[in-house]
Amino acid sequence: MPRFTIPKDEYLSKGHSGCAGCGATLLARFCLKALGPKTIINSPACCWSVVQGVWPRAALKVPVIDHAFECTGAVSSGIRAALDIKGMDDITVVGWAGDGGTVDIGLQSLSGAIDRRTDFLYIMYDNEAYMNTGIQCSGCTPLYAWTNTTPGGVRQEWKDVGKKRIMDMLVANGIAYGATVSIAYPEDLVAKVKKAKSIRGPKFIHALSSCPPGWKIPSAKSVEVARLATQAGVFPLFEYENGAYTLSKDVKTKPVEEYLMSQGRFKHLTPAMIADIQTKVDEEYAVLKAKCQGAGASA
Amino acid sequence: METYRDLPQSTYSLQTTESVRTGTWRTFRPVIDTKKCTRCYTCWKFCPDLSVDVKEEGDFPKVDLDHCKGCGICANECPTGAITMLREDTIC
Amino acid sequence: MIEIRFHGRGGQGAVVASELLARAAVMNRLHAAAFPFFGVERRGAPVTAFCRIDLKPIRTHSEIYFPDYVVVLDPDLVGMTNVLQGLKPDGIVLINTAKEGCDVRGVKWGKVATVDATSIALKHGLGSENAPIVNTAIIGAFSKICPQVPLESVIESIMKASPGNKEANAAAAKEAFEGVKGVW
Amino acid sequence: MLDLMTGNAAAAKGAMLARVEVIAAYPITPQTSISEKLAEMVANNEIAAKYIKVESEHSAMAALIGASYVGARTFTATSSQGLALMHENLYWAAGARRPIVMPVVSRALGPPWNIWTDHMDVMGERDTGWMQFFCENNQETLDLILIAYRVAEDKEVMLPAMIIEDGFILSHTFEKVDVPAIEEVDFFLHPFNPDVKVNFRKPRRYGSLVMPDWAMEFRYNNYLAMEKAKKKFLEAGVAFKKAFGRDYGDLVELYRCEDADVALIVAGSAAGTAKVAADRMRERGRKVGVAKLRVFRPFPTEEMLRLGEVVRTIGVFDRSYTYGQGGAIYGEVRNALFPLAPDVRVKGYIGGLGGRDVTEAEFEKMYDDLLMIARNGSMQKDVEWVALKDGSWRW
């Protein structure tokens, strides 16, 4: 039985400043195994710019360019343009940002980069709130979730709308390849990142990235809760290419309640709220399955 | 690095974070029971801090206590329950 | 003017401890200011927080380098960070630990008070085994070794501003007040 | 060779001659025709560059920061609201020591919404760490782009530069411009070859999070680089004169100031008008001079002091107002000349805001005002708004 199911080389150094159990650090570790050394990452000020450590140290073993919050897509375009003019055509340009940094403040520059057919891979690590600044609601915070800006209170002001449908938006914008990945399924993740790397043009990967402090889960459960998200159909794993959707893992086997109740940010949910989420998850899963025209699930 | 004269021209990094002993963050430490361990390396795979070292395939995983933050993912994910989290022995 | 430095870990409530202590001093008709070291708080990473208490308004806005008191919320930190740095010669160290007469990093310090704030916190349901919330217990114990901040003011401060279950936090503070050991 | 062209065309020619490699631009009046000309030149292989049609000015500067780290020579241009939108990334480019060169076709910042020139937009960016050079005419727009790259990419400077060209008055005005041959320019301006750039064998993080322990020292090094840029600009000016015959060997161009009783400091296109008015005053026996401020950042403090040693009554004409001490240049000039007080008197004139035309007659009135101050040895108002509709017949 093969012991190592994902590549052994590491491009993330020990000693980084991720919180204990941080999903995003695992995500970066897995992605870079697939991307390899000929990769350049540009990333805005977010959790990830802190996780990489403090000057003069850096945690990644590939070049990284930090930049302002809104312009991940634009910086990727600039890097690609310079690489092209300098004849460096074997480099993968990766824009790496969080959920808020992508679907909220960074959407304009991401849309522009896609519209320009920039040849880059954009990876959104989705921990479902602005975690670096202390858990504030973002466009990717799930329906009814607690955050420090959707604190409930007397007026029951939890997140009142579901996650922005970023994948649908970017498919319409014109990505050459899209995929969802999760830290709980590293083999699936590595395969998809390798595939994305081989495709020219704008690619987008939506990665679920658990966050112990933000989701109010014990650090030890970080991977387990991420797995539950897929098993409950909340975060299905699929691919999009040339108009076709492919379901990667048809493992929707658990009720959303099990996923929701594993996290403190959902502990206030009423049965009605849970039922509402279950209905929405089932509907959306059915829509996805339909788009996939037959599951074609790969192992 | 003593004065501004020693600084690089702009804020680019000069070394990796390997020298940072994040092991000081933990309150619990993973202990691997080699009798139960089947060397499937799930612990190596799911460690966010790259603190489970496996030199050669076939070796037993070994915890790097300089960097392990004690998050407990390895213990939680280990299929045979070979890893238990023990409270750090406090000095005082 | 008395200056206090708290040592804790991200997520353990060291910053809240400094705030509640400052509030207690204000309730005792004193002036106070509390502030964390604005570092990169990460869950588990060492964190320091400060508190100044005085008869007249606090106007200094800079860090504390020569504290009168050092309060250590997590015993492991004693082995790692130099908690004694800059402590005034007659300064007092309060450490959350089950062991009495703690040997502070091999350095015998004249005045070391200890309290098992973790056990007290867990007994009152404050936090969990691997993330005990010891801040209210520790400031209860602190009021034992610092005359400027009597226990009543600490309780008043907790009832007004402590996050979570106020009664349980107040009870933990009282119990810690009684449970302080050592020489100071 | 001599050609008749607008300031914007001269700017685009400058970019072409500098063999820029990555352009990222977003249209905004009155800069737009620079973007258009660049797109045309790239499409016709007159510039071997990548032209990124970005979705905003903020993204334009972001893209160039990324491209510059890879080692490409980068260029963009903007105006007014677009420059303001870039603000965050202007600090970023300077702090990251990216030698980006950017013409700014100066234009008022709304409200009042206004597409005509003044220097409010440019002065709003004077503290970002960018060098700022003002152009009197279209020739200077072209020349200063070449000089700017040479100074900006100097290993001891490595700071970005703005070339300020007054909106419409220069950008859309046709003037004769001598366009040097690109081979001559290659001799004056060598390819961009930074010591530190993205290297896949030696991966680094560019940007990093710097704690309080070293952040101040990095800022200090930026300050030192900006100061060094003064000397580097003068050296580049001398080399430019040798190569192309036009003199840029000074940060402040003194026009007829040697024996002047009064002098007026002016930046940008109005300097030309001020010179003509000065000649007319001279014809009437009035000894006036013009000190054309070419380099506003780094601020030429030493040159101002030398001027103050010779001319004891100095006016400053600003096309900006700072809600502090009059106009931006006035504040800095008075600051620089304080050591010479009270022997030197400095008066601020604010005019030409929102595209208001500044005429020769108005400059003559300013000279008369300064001459009266020199005679009386005193002045009623420190700062005066020129041609303000205030009911008086002063102007």
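Start where two chains share a strand pairing: select β3 (64–67) of chain A and strand β9 (residues 205–206) of chain D. These two pair in the parallel sense over two bridges. Click on Ile65(A) and look across to β9(D), where the bridge partner is Tyr206(D). Keep in mind as you go that this is a predicted model.

**The A–D contact**

Now widen the selection to everything where chains A and D meet. Of the five pairs of chains in contact, this pair shares the most contacts. Chain A puts in 37 residues, and chain D puts in 37 residues. On the chain A side, colour β1 (39–44), α2 (47–51), β3 (64–67), α3 (72–85) and α5 (107–115), each of which gives two or more residues. Give α3(A) its own colour, since the largest share of this side, ten residues, comes from there. If you colour by residue class instead, the chain A side splits into 20 nonpolar, ten polar and seven charged residues.

**Chain D's other neighbours**

Next, show chain B alongside chain D. Here the contact takes seven residues from chain B and 15 residues from chain D. The chain B side has three nonpolar residues, four polar ones and no charged ones. Then try chain C with chain D: these two do not touch, and their nearest C-alpha atoms are 8 Å apart.

**Two domains in chain D**

Hide the other chains and split chain D into domain 1 (2–244) and domain 2 (252–385). Their centres, taken over C-alpha atoms, are separated by 28 Å. Where they meet, domain 1 supplies 28 residues and domain 2 supplies 21 residues. For the domain 1 side, select α5 (120–123), β6 (131–134), β7 (161–166) and α8 (212–244) of chain D, which each supply at least two residues. With five residues, α8(D) gives the most to that side. By class, the domain 1 side holds 17 nonpolar, five polar and six charged residues.

**Into the core**

What should you pick to find the middle of the largest nonpolar core? Try Ala15(D), Ile145(D), Ala148(D), Ala263(D) and Ile265(D), which touch the most other members among its 248 residues. Both domain 1 and domain 2 of chain D give residues to this core, so it lies between them. In soluble globular proteins, nonpolar side chains tend to be buried together.

Zoom in on Ile145(D). Leaving aside residues up to four places away in sequence, Ile145(D) touches Ala11(D), Gly14(D), Ala15(D), Ala18(D), Val101(D), Pro103(D) and Ile163(D). Bring chain C back for a second, separate core of 57 residues, whose members include Leu21(C), Ala32(C), Val78(C) and Ile139(C).

**Last stop: β14(D)**

Is strand β14 (residues 313–318) of chain D enclosed or open? Six of its six residues are buried, so β14(D) is largely enclosed by the rest of the structure. Turn the strand to check both faces: Thr313(D), Gly315(D) and Phe317(D) are buried on one side, and Ile314(D), Val316(D) and Asp318(D) are buried on the other.

Now add the strands that pair with β14(D). Strand β11 (residues 262–266) of chain D runs parallel to β14(D), joined by five bridges. Strand β15 (residues 345–350) of chain D also runs parallel to β14(D), joined by six bridges. Val316(D) is a handy landmark: it is the bridge partner of Ile265(D), and it stands opposite Gly348(D) in β15(D). To finish, add helix α11 (residues 328–337) of chain D and trace the right-handed β-α-β unit that β14(D), α11(D) and β15(D) make.

Definitions and conventions
Residues are numbered from 1 along each chain as its sequence is written. Chains are lettered from A and ligands numbered from 1 in the order in which they are written. This is a predicted model: local features need pLDDT of at least 70, side-chain atom pairs count only at pLDDT 80 or more; totals for chains, interfaces and linings use all residues. A nonpolar core is a set of buried Ala, Val, Leu, Ile, Met, Phe, Trp, Tyr and Cys residues joined through C-beta atoms within 7 Å. A residue is buried if 20 or more other C-beta atoms lie within 10 Å of its own, exposed if 12 or fewer, and partly exposed in between; C-beta atoms are placed from the backbone. Domain bounds come from an automatic or database domain assignment. Helices (H or I, at least four residues) and strands (E, at least two) are DSSP runs, numbered from the N terminus. Two strands pair if DSSP finds at least two bridges between them. A crossover is right-handed if, with the strands pointing away from the viewer, the path from the first strand over the helix to the second runs clockwise. Ala, Val, Leu, Ile, Met, Phe, Trp, Tyr, Cys and Pro count as nonpolar, Asp, Glu, Lys and Arg as charged, and the others, Gly among them, as polar.
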